Amino acid sequence: MNIKLIWHEPILLGHFKDIESVVNSFDYDLPPKSHGIYIFYREYGDKQYALYVGQATDLNKRLCQQFKNFELLNGLRNSKKGSKWLIYAELSTKSQRTQVALNQAERALIRHFIEDKECDLINKHTYANKYDFIIQVSDNPIGLIEDDLAISIVK
């Protein structure tokens with residue numbers, strides 16, 4: 001299955017000291033109502049660290065839900081130093097099995113970030129022992145996501 005992720009520009013969320021101001025100032029109309037993947041991450045110096053990887057059949061609706069998720073917001077607030085960011089990508093695949101493609105993309109990214117010894121993932125337990133693959137990642141605007149990320153399938 002070929003999976004293409006079309007990344008949007010990252011959104012600065014701030015330092016998460018005052019979560020209410022971040023939640024209240026977020027432009028909830030920005031994320032599209034399409035299938036996709038999203039990553040909350042922190043940036044410290046010139047490096048980015050993934051904090052949470054998720055998937056959505058409706059990015060707009062799911063991100064609105066996530067900004068009400070106490071556990072996630074608390075994890076972001078309590079993460080190490082650095083500004084907090086959100087990036088999301090719309091999913092493109094020729095497969096009729098969109099949910100399978102979303103699962104594969106999410107697992108592949110989680111696995112990729114787990115292999116980084118400096119991983120700060122809040123949800124690294126998700127799919128930790130499963131591998132899948134992403135054939136193509138296009139036009140990614142940050143160094144956190146490698147171009148042409150490929151992860152083998154292990155059943």
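A residue counts as exposed when its relative accessible area is over 50%, and as buried when that value is under 20%. Keep those two cut-offs at hand for this tour of a predicted model.

**Stop one: Ser34.** Select Ser34, in the loop that runs between helix 1 (19-25) and strand 3 (36-44). Its relative accessible area is 17%, so Ser34 is buried. Now show its surroundings: leaving aside residues up to four places away in sequence, Ser34 touches Ala56, Thr57, Asp58, Leu59 and Glu90.

**Stop two: Arg42 and Asp120.** Across the whole structure, a search finds two salt bridges. For one of them, select Arg42 together with Asp120, whose closest N and O atoms are 2.8 Å apart. This pair links distant parts of the chain, with Arg42 in strand 3 and Asp120 in the loop between helix 4 (98-114) and strand 6 (136-138), 78 residues apart. Are these partners buried or exposed? Arg42 is buried, because its relative accessibility is 5%. Asp120 is buried as well, at 16%.

**Stop three: Lys80.** Keep Asp120 selected and add Lys80; their side chains meet in a salt bridge at 3.8 Å, N to O. Lys80 sits in the loop between helix 3 (70-77) and strand 5 (83-92), while Asp120 is in the loop between helix 4 and strand 6, so this bridge ties together parts that are 40 residues apart in sequence. With a relative accessibility of 54%, Lys80 counts as exposed.

**Last view.** Display Arg42, Lys80 and Asp120 together: salt bridges that share partners join these residues into one network.

Technical notes. Residues are numbered from 1 along each chain as its sequence is written. This is a predicted model: local features need pLDDT of at least 70, side-chain atom pairs count only at pLDDT 80 or more; totals for chains, interfaces and linings use all residues. Side-chain values use heavy atoms; hydrogens and water are left out. Helices (H or I, at least four residues) and strands (E, at least two) are DSSP runs, numbered from the N terminus. Buried means under 20% relative accessible area, exposed over 50%, partly exposed in between (1.4 Å probe, protein chains only). Contact means heavy atoms within 4.5 Å. A salt bridge is a side-chain nitrogen of Lys or Arg within 4 Å of a carboxyl oxygen of Asp or Glu.
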